[in-house]
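This report describes a protein fold for a reader at the bench. Please consult the sequence and the structure shown below while reading.

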Amino acid sequence: MSTTERSLPTPAHTIGPFYGHALPFPGGGDIAPQGHPDTITLRGHVYDGAGAPVPDALLDFWQAAPDGSLTGTPGSLRRDPSTGGFLGRNGVDFTGFGRVATDADGHYVLRTLPPGNTGQPYIAVCVFARGLTHHLFTRAYLADGSDPLLDALPDERRATLIATPDAPRTYRFDIRLQGEGETVFLEFQ
């Protein structure tokens, strides 16, 4: 191999993700029932420490329903009776859960309903990405205001948790895994 050729990393060179083709499911980013008039969109990018997009991240989202309940509707993911694989959502029920893989540009899109949790509305996010030995937890707040977590942070760190209005009923929330502007990540014990 010449010095100008570049070889791709092998499993021995990187930590995953080896789940990228198995865990996403059709409609994973469509939490809101199809055509619901209150649908909002949360979109953004996942960036690594050098500011480059992460094209193979997987994001899990959880949130309260608009009425504040945390249970979601069970069974809204349909299975293919012949293969047992997921066919996607039924398009009718609100589950409160979504799973989205980033595209080649590190971009993701989630369509959901406004969360009805008490206090500042937020969507919980779990990030799985190459190079991470453990997944990371954060929150995308849809408005700035008084919240025990937000109030405990300096302004520059607080800003990393606030999704910014981008268009009507659309919010932008970028996730920076490290470096300048690193997103605040949470630790649960």
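The text that follows treats the overall fold, one central strand and its partners, the nonpolar cores and the salt bridges.

**Overall fold**

The structure is a predicted model. Its secondary structure consists of two helices and 11 strands. In sequence order, these elements follow the pattern β-β-β-β-β-β-β-β-α-α-β-β-β. The protein has 189 residues, of which 38% count as buried. About 10,700 Å² of the protein is exposed, and carbon and sulfur atoms supply 54% of that area. Among contacts between residues at least 6 apart in sequence, 65% join residues at least 24 apart.

**Strand β2 and its partners**

Strand β2 spans residues 58-62, and four of its five residues are buried. The strand pairs with β5 (residues 97-101) in the antiparallel sense, through five bridges. Within this pairing, D60 of β2 stands opposite R99. Strand β2 also pairs with β7 (residues 122-128), again antiparallel and over five bridges. Here W62 is the residue that stands opposite A124 of β7. In a regular strand, side chains alternate between the two faces of the sheet.

**Nonpolar cores**

Which residues touch the most other members of the largest nonpolar core? In this core of 28 residues, they are L42, L59, F61, V127, I175 and L177. The elements that contribute two or more residues to the core are β1, β2, β6, β7 and β8 (136-141).

The surroundings of L59 can be described in detail. Leaving aside residues up to four places away in sequence, L59 touches V46, G98, R99, V100, Y108, V125, C126, V127 and I175. A second, separate core comprises six residues, including Y141, L150, L161 and L186.

**Salt bridges**

Side chains of opposite charge can pair when their charged atoms come close. In the whole structure, a search finds seven salt bridges. Three of the pairs are listed here.

| Pair | Closest N to O distance |
|---|---|
| R111 and D30 | 3.0 Å |
| R43 and D166 | 2.3 Å |
| R99 and D60 | 2.8 Å |

The side chains of R111 and D30 meet in a salt bridge. This pair links distant parts of the chain, with R111 in strand β6 (residues 107-112) and D30 in the segment before β1 (40-47), 81 residues apart. R111 is partly exposed, at 38% relative accessibility, and D30 is likewise partly exposed, with a relative accessible area of 32%.

R43 forms a salt bridge with D166. That pair, too, links distant parts of the chain: R43 belongs to strand β1 and D166 to strand β9 (residues 164-167), 123 residues apart. R43 has a relative accessibility of 23% and counts as partly exposed, while D166 is partly exposed with a relative accessible area of 36%.

Are R99 and D60 buried or exposed? Both residues are buried. Their side chains meet in a salt bridge. Because R99 lies in strand β5 and D60 in strand β2, the pair ties together parts that are 39 residues apart in sequence. The salt bridge thus accompanies the strand pairing described above, in which D60 stands opposite R99.

Finally, D144, D151 and R158 are linked in a network of salt bridges.

Methods: Residues are numbered from 1 along each chain as its sequence is written. This is a predicted model: local features need pLDDT of at least 70, side-chain atom pairs count only at pLDDT 80 or more; totals for chains, interfaces and linings use all residues. Side-chain values use heavy atoms; hydrogens and water are left out. Buried means under 20% relative accessible area, exposed over 50%, partly exposed in between (1.4 Å probe, protein chains only). Two strands pair if DSSP finds at least two bridges between them. A salt bridge is a side-chain nitrogen of Lys or Arg within 4 Å of a carboxyl oxygen of Asp or Glu. Contact means heavy atoms within 4.5 Å. Accessible areas come from the Shrake-Rupley method with a 1.4 Å probe; for residues, only the protein chains shown count as cover. A nonpolar core is a set of buried Ala, Val, Leu, Ile, Met, Phe, Trp, Tyr and Cys residues joined through side-chain atoms within 4.5 Å.
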